[in-house]
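Here are my notes from going through this one, jotted down as numbered points. Keep the 3D view open while you read, and look up each residue as it comes along.

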Amino acid sequence: MPNDRILSYGDALHEALHQEMALDDSVFVLGQGVDDLKGQYGSTLDLHKEYGPDRNFDVPIAEEAITGVAIGAALAGMRPVNVHQRMDFLMVCMNQLVNMAAKYHYMSDGQVRVPMVVRASIGRSWGQGPQHSQAAYPFFMHVPGFRVLAPTTPHDAKGGLIAAIRDNNPVIFIEHRLLYANTGVVPEDPFEIELGKARILRKGKDITLVGVSYTVTDCLRAAGLLALMGIDAEVIDLLSLAPLDSETVLKSAQKTGHLVVVDNTWTLCGAGAEILARLQEDASGIKVKAARMGYAPTACPTTRCLEDAYYPGPVSVAQKAAVLMGADAGDVPTDVERTELEEFKGPF
Amino acid sequence: MAMGTSSFDVKRAYYLERTIRATEEKIAEIYFTDKVKSPVHLSVGQEAIAAGACTALGGDDVVFSNYRGHAHYIAKGGDLNSMWAELYGKANGHAGGKAGSMHLVDTKVNFMPASAIVASAVSNAVGYALALKMRGSDARVVCFHGEGAADEGVFWESLNFAALKDIPILFICENNGYAIYSKQQDRMAGKSIPERASTFGITASRADGFSAQAVYGAVSKAMAALREGAGPLMIEVNTYRWLDHVGPDDDHPGGYRPQSDLEAAQAIDDIPRLAAQMDADDVARIDAQVADELAAALAFAEAGDFPDETALGRNDYA
Ligand SMILES: Cc1ncc(C[n+]2csc(CCOP(=O)(O)OP(=O)(O)O)c2C)c(N)n1
């Protein structure tokens, strides 16, 4: 089969669910609106028509109990996929996730396990404001027992979701709203990506840029801007936040000598903080100039002009990188297209 | 599938209640030695509920409990030796010392890991029951919880979902009147827990929690209905905790509940009432058996080794 089929991120997720539900009748999907006309950006569209209303169903607006229901079903050997329209809503089920899902296996010394996937969408688009935009992945990175995955490409969306479903642990699966329409090559047959591995998306020799989910897009665009200045950036999609593949990142950083980690959340206690700490602890003795970026340390404002100041973007990433390289931030070109951001009109 | 006995088995109930009482009293007796290095929430006074309910269950039926779970664990057929070793934090405990008193677990008898977060296992029990329903299993789920669990919003979310999806599950509300030192009336407005549950369409009844026979009767009836396809059911059982909320002491001198309440509960203690229905020989034989088994369990725990450090990272991920 030729491996050049193009699919959107949303359709890649749909195909992953579709194939896993066909392969394994213990897989089912539950979440607010999963069986509605929009089907969570198309990712769950009509699955109930194919697999029945008890395998893709709407739920009450009761996040803690529904998370608990998914956990209980997982204890009984099912593989639930619990979908949340926004990651902000996970705050309502932290008790079930942190105290129950992440603990059952360990505190029973392996007698039970919780193979479940919690899908949550994150991120800016426009005007999502302080309660509809948060990417709370550091909370989950902090707690042993979770795997945390944030795919950027349609390929990794499909292979990551399949791997997450087949994994025997609770997996927090993070999807950025601006990525659903992204297209890319996605193999048709079911496949798994390796959980716990970062992905090098662009080879370069001067500086390493590391992104998480949508900030990978910022890093790729920043690499384009830096190229115009003669700086050759390597771009890494962190992809897995827990386990955190700092090995791939450190290897690249030690090669280029420069590292910028661009979190898709606040920098305090973020992936960048952790990677820079590991860089500091590294015993190789190789010196790397490193910096981290992320959201401004405020709640997310709603108005676009403040949003632009709040989020990192291709230009600010390139400027940070340029300064780290000893260049002048003022020399970074600022002409960059972000059609997915400009074209986004909601209403959701 | 092994169903519960078809009629109330006095000797079995007596054996279970005696085992639970003897275990709890032994924990209280040796607690000062600090061999049980964790909080303990004892069930002295509440034994009749676990004994009555669990003898009405089949081996395949699944129990969800909580931090006050020794009674449920023993009554469901859990292994006394590995429970004691677990209390001691030993490697031969059922969770190698990682669980301790508050998280008893034994999947061999379908006893799910108990939770120390009030009300949190209720939704897990509902999810487990949903899975069994999806699988077309004959097994059913029983979820024990205190009346304090009904203070939590997630409790009612869980009941709503169970009723909405017509999930076969039995909630057994052990109402001992207090959450720690706080009276139910000081925490809950409005109608009683069964009355509230019934507004979801859940058939909720009451049973005498001081009588294993009464609990057995109510639970057998409920289990039969669940096996016939009934949706969620609730039984509220009244009971009284003789000792402190946590730890081995009598807390009545603290004054938050009257000594006369304890005396009233002790006057209707189920253990002597069951003994009165049995031959003296049987009582003596069972008492001796319980003493032997408890001694053996303690010896098992004493003889066990503490886990070595390699156990720390074991089963962090599945
Ligand atoms: C979410 C949560 N809040 C508070 C506590 C502290 N706590 C432990 S037991 C308990 C009382 C619960 O009362 P009830 O459900 O009636 O059960 P009982 O202890 O009486 O058996 C409380 C408040 C807890 N463990 N979990």
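1. Start inside chain A: the side chains of A:Glu175 and A:Arg119 form a salt bridge, with 2.4 Å from N to O. The two partners are 56 residues apart and tie together distant parts of the chain. You'll find A:Glu175 in strand E7 (residues 171-176) and A:Arg119 in strand E5 (residues 117-122). Keep in mind that you're looking at a predicted model.

2. How many salt bridges does the structure hold over all chains? The total is 38. Across the interface of chain A and chain B, the rule picks out 3 salt bridges. Have a look at A:Asp109 and B:Arg314, whose side chains pair up in a salt bridge at 2.8 Å, N to O.

3. Now for the contact itself. Chain A puts in 43 residues and chain B puts in 40 residues. Together, the two chains bury about 3200 Å², and 62% of that lies on carbon and sulfur atoms. Which three residues give the most on the chain A side? They are A:Tyr106, A:Met107 and A:Asp109, which supply 22% of the area that chain A buries against chain B, more than any other three residues. So A:Asp109 turns up twice in these notes: in this trio and in the salt bridge with B:Arg314.

4. There are polar links between the chains too: 19 residue pairs are in polar contact between chain A and chain B, counting pairs with both residues at pLDDT 80 or more. On the side of chain A that touches chain B, helix H3 (63-75), helix H4 (94-101) and helix H5 (104-107) each supply at least two residues. H3(A) gives the largest share, 10 residues. Sorted by class, that side of chain A has 20 nonpolar, 14 polar and 9 charged residues.

5. Last stop, the ligand. Around the ligand there are 15 residues, and those that come nearest are B:Tyr67, B:Arg68, B:Ala116, B:Gly148 and B:Asn176. Try B:Ala116 in the viewer: one of its backbone N or O atoms sits 2.9 Å from a nitrogen atom of the ligand. Ligand oxygen shows up in two more backbone pairings: an oxygen atom is 3.2 Å from a polar backbone atom of B:Ala149, and an oxygen atom is 3.0 Å from a polar backbone atom of B:Tyr178. On its own the ligand has 580 Å² of accessible area, and the protein covers 73% of it.

Notes: Residues numbered from 1 in each chain as written. Chains lettered and ligands numbered in written order. Predicted model: local features only at pLDDT ≥ 70, side-chain atom pairs only at ≥ 80, totals over all residues. Heavy atoms only, no water. Contact = heavy atoms within 4.5 Å. Buried area = accessible area lost by both parts, 1.4 Å probe. Salt bridge = Lys/Arg side-chain N within 4 Å of Asp/Glu carboxyl O. Polar contact = N/O pair within 3.5 Å; in protein donor to acceptor, adjacent residues only side chain to side chain. Helix = DSSP H or I, 4+ residues; strand = E, 2+ residues; numbered from the N terminus. Nonpolar A, V, L, I, M, F, W, Y, C, P; charged D, E, K, R; others polar. Near = heavy atom within 4 Å. Areas by Shrake-Rupley, 256 points an atom, 1.4 Å probe, with all protein chains shown as cover.
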